[in-house]
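User: Please take a close look at one buried acidic side chain in this model. I would like its surroundings set out in order.

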Amino acid sequence: KTTLAFLLKLEMKKDLNMIKEIIKSTHLGRIICYAKAKKNAKNLIAEYEKRFLNNSCALKTNESSEYLRLRIIVESHVIEKGLSHNDYRPGFGKQNVIQLCEHLLRYVKYDNIDDFAFYNAVSLIVQYHVRNKEYGFDDCNYIPIEQIENWYKNLRKNDCKCGVKSINISKVKQKVKEFDFETFEHMRSSVRIFDLPCKSIDEKLLEEVINIAKFAPSACNRQAVRVRFVNEKSIYSEIEKLQRGSKGFLINCSVVSVITADLSLYETREFKLPIFDAGLFTMNLCYALETKGIFSCILNGYFSEKDDNKLRNLVKIGKTEEIVSIVAIYNLDETQIVNVPISPRRNAEELYSIQ
């Protein structure tokens, strides 16, 4: 009786699926499917908009610590770019420097400030002041130089190597010739391991990988991307269920990494930037892994609001961070051989235009 009931239920499910497919093929069915898809798309976009508005600086007051940190980072980068001009103009960016000093004075009153952002700005103002002095330009009427120098004394020697460096073009080109990036690029493939044993990865090696990947460009050098390396294999199956597109190969990883972007480092007009910055970092992370002989596969990091919250709890992700991607990481024995999709690329002429 139990078996018969199960088979009847299965048959009913098949019939129901068949009916659904028939309805979808009708004109009315297509209209309903389109309306449903449109509603779902709006919901997905709205969820990101809500998270962005709540966690970015879009709605923060000018006196909040988040807003002050963001302005300090962006304004520092403006000064850094100005210092790099070959045709240096003494006293450039006066208003920007005034604002930066004001923001530092207000920001330092908060507890648990971002030391990296703070002392990077302090170091840049000192360099700005020294450079102006070399040109005989007095900026003391708009820089609180005594306060800045007091802060600068607390800066450890290796904390911030900011400012300007010189690049020898011929040496750079020579280095590029010595490293065949084109071959390296063609060699990389997305690897998915379903049934091969994978070795663990030493934490020190993961740190080395991040020290390479961190040089990915980011908007105004805000470095908003964070990486969670998950070694706790007991939750891999749960992450795989939530991700939905990695069935059978995420649970075999040496390490699972979750890539996020800190939305508190962006403001309203920078709506697209968190995804852009995290995308650049993710690719750099995969290249860094490849240089260490470790393989990877980038996975879509979009989740419904419900699943997003589940993953945050599993991996302990802060509320201001947007989950952007997951990278499956495999450390394989040198004797192993794996099959990967060829995934052909379009011809170059299909991908660009010249105006």
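Analyst: Contact here means heavy atoms within 4.5 Å. The model is predicted. The residue to examine is Asp-277, which lies in helix H11, residues 273–291.

Start with the neighbours. Leaving aside residues within four places in sequence, Asp-277 is in contact with Pro-217, Ser-218, Ala-219, Arg-222, Val-225 and Tyr-266.

Next, charge. Asp-277 is buried, yet it has no salt bridge. Which side chain of opposite charge is nearest? That is Arg-222, 4.8 Å away. A salt bridge requires a side-chain nitrogen of Lys or Arg within 4 Å of a carboxyl oxygen of Asp or Glu. At 4.8 Å, Arg-222 does not form one with Asp-277.

Now the polar partners. The side chain of Asp-277 makes a polar contact with the side chain of Tyr-266, at 2.7 Å. A polar atom of the Asp-277 side chain also lies 3.2 Å from the backbone nitrogen of Ala-219. Both Tyr-266 and Ala-219 appear among the contacts of Asp-277.

Put together, the picture is this. Asp-277 sits in H11 and is buried without a salt bridge. Its side chain has a polar contact with a side chain, that of Tyr-266, and has the backbone nitrogen of Ala-219 at 3.2 Å. Arg-222 is in contact with Asp-277, but no salt bridge is made.

For another buried setting, turn to helix H6, residues 145–153. Ile-145, Ile-148 and Trp-151 are buried there. Seen down the axis of H6, the buried residues fall within an arc of 125 degrees, so they line one face of the helix. They pack against helix H4 (94–107) and helix H5 (115–134). On the other side of H6, Glu-146 and Lys-153 are exposed.

Conventions. Residues numbered from 1 in each chain as written. Predicted model: local features only at pLDDT ≥ 70, side-chain atom pairs only at ≥ 80, totals over all residues. Heavy atoms only, no water. Helix = DSSP H or I, 4+ residues; strand = E, 2+ residues; numbered from the N terminus. Buried < 20%, exposed > 50% of the residue type's maximum accessible area, 1.4 Å probe, protein only. Lys, Arg positive; Asp, Glu negative; His and termini not counted. Polar contact = N/O pair within 3.5 Å; in protein donor to acceptor, adjacent residues only side chain to side chain. Arc of directions from axis to C-beta.
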